[in-house]
Amino acid sequence: MADGDGAAASRNLTEHSTGGGEKGLPRRGKSSSGRTLNTAQIPLVASHPEVYEPCDDSFALVDALLSDKAQLLALQPRLCMEVGCGSGYVITSLAIMLRQLASGTQYLATDINKHAAETTQATLEAHGVHADVMVTDIVSGLEKRLAGMVDVVVINPPYVPTPEEEIGCKGIASSWAGGLNGRQVIDRILPAVREILSERGWLYMVTLEDNDPLDICHLMSEMGYASRVVLKRCTEEESLFVFKFWRDPHTGTNASPKSPKSESWFSQLPFKSLWHKGS
């Protein structure tokens with residue numbers, strides 16, 4: 001990252017903090033949140049004891065998307081994807097926000113936890129929106145089929161610093177266990193997402209201050225992406241950031257797969273064969 005980029009990122013980390021009177025965030029605990037009709041409704045979000053429920057980090061990501069709603073509508077994304085969908089709250093909210101684009105946008109969600117995939121499907125159905133939901137690790141098995149095709153990726157990753165042996169745990173622990181500095185899963189996600197983002201693609205991702213977000217921006221800069229803080233929320237214990245990343249012709253190498261031709265691109269992806277309700 002150039003010195004100017006680093007200075008800009010540092011300013012962003014400071015300027016987007018919440019006011020001192022705002023209630024802070026717990027460490028991945030339950031919370032209530034007043035949502036609008038532009039998002040998934042909490043009473044309709046399905047649950048399972050082994051699935052991470054919507055919490056303040058989920059709400060922060062959706063609020064960041066809401067703040068960018070006009071830009072997202074103008075982008076007219078063809079394919080939106082959530083990596084690590086959990087309860088389905090975020091991907092459902094995104095589909096509701098962009099509902100006016102009608103059938104022009106498709107949605108895809110992945111999670112390593114089968115119970116999360118089932119819960120996400122139930123949440124989508126309860127809100128009358130659709131996404132293809134698959135059980136897989138990040139985008140494993142989809143890299144070639146999705147290369148350069150996804151216009152919007154949203155991620156609330158496992159960012160909590162934990163012992164390395166907790167990485168890869170089954171069930172709900174997979175939603176938060178981030179290993180050393182909370183970065184071990186994030187550092188696997190970033191290059192995988194780079195391969196699937198389209199030339200005009202945007203990535204929205206939640207990070208914790210302990211994750212060294214400036215270093216994440218530096219890594220993304222080396223891959224050809226500019227960044228900005230869309231939203232920041234703080235407590236006495238931690239600070240959460242929602243970053244937006246996009247390709248910048250003046251940053252990094254920008255060597256990436258070209259988007260395929262538009263005709264029949266989505267119908268050629270056998271998503272249904274990878275997971276379906278009740279599998």
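**Exercise 1.** Place Asp63 in the secondary structure of this predicted model, decide whether Asp63 is buried or exposed, and find the polar partner of its side chain.

*Solution.* Step 1: Asp63 lies in helix 2, which covers residues 56-67. Step 2: the relative accessibility of Asp63 is 16%. The cut-off for buried is under 20%, so Asp63 counts as buried. Step 3: the side chain of Asp63 makes a polar contact of 2.6 Å with the side chain of Arg233.

**Exercise 2.** Describe the sheet: its strand order, its edges and the turn between neighbouring strands.

*Solution.* Step 1: the protein chain has 8 helices and 7 strands. Step 2: an open sheet of 7 strands runs in the order 3-2-1-4-5-7-6, and its pairing is mixed. Step 3: strand 3 (132-135) and strand 6 (225-234) pair on one side only, which makes them the edge strands. Step 4: direction ignored, neighbouring strands of this sheet are turned by 15 degrees against each other on average.

**Exercise 3.** State how strand 5 and strand 7 pair, then identify which strands helix 7 touches.

*Solution.* Step 1: strand 5 (residues 197-208) and strand 7 (residues 239-247) are antiparallel, with 7 bridges. Step 2: Thr207 has Phe241 of strand 7 as its bridge partner. Step 3: helix 7 (residues 186-196) packs on the sheet and touches strand 1, strand 4, strand 5, strand 6 and strand 7. The direction of helix 7 makes about 160 degrees with that of strand 5.

**Exercise 4.** Give the buried share of the protein chain and the make-up of its exposed area.

*Solution.* Step 1: 53% of the 279 residues count as buried. Step 2: about 12,200 Å² is exposed, 52% of it supplied by carbon and sulfur atoms.

Notes. Residues numbered from 1 in each chain as written. Predicted model: local features only at pLDDT ≥ 70, side-chain atom pairs only at ≥ 80, totals over all residues. Heavy atoms only, no water. Helix = DSSP H or I, 4+ residues; strand = E, 2+ residues; numbered from the N terminus. Buried < 20%, exposed > 50% of the residue type's maximum accessible area, 1.4 Å probe, protein only. Polar contact = N/O pair within 3.5 Å; in protein donor to acceptor, adjacent residues only side chain to side chain. Areas by Shrake-Rupley, 256 points an atom, 1.4 Å probe, with all protein chains shown as cover. Pairing = 2+ DSSP bridges. Axes fitted to C-alpha atoms, helices over the stretch in contact; angles between N-to-C directions. Contact = heavy atoms within 4.5 Å.
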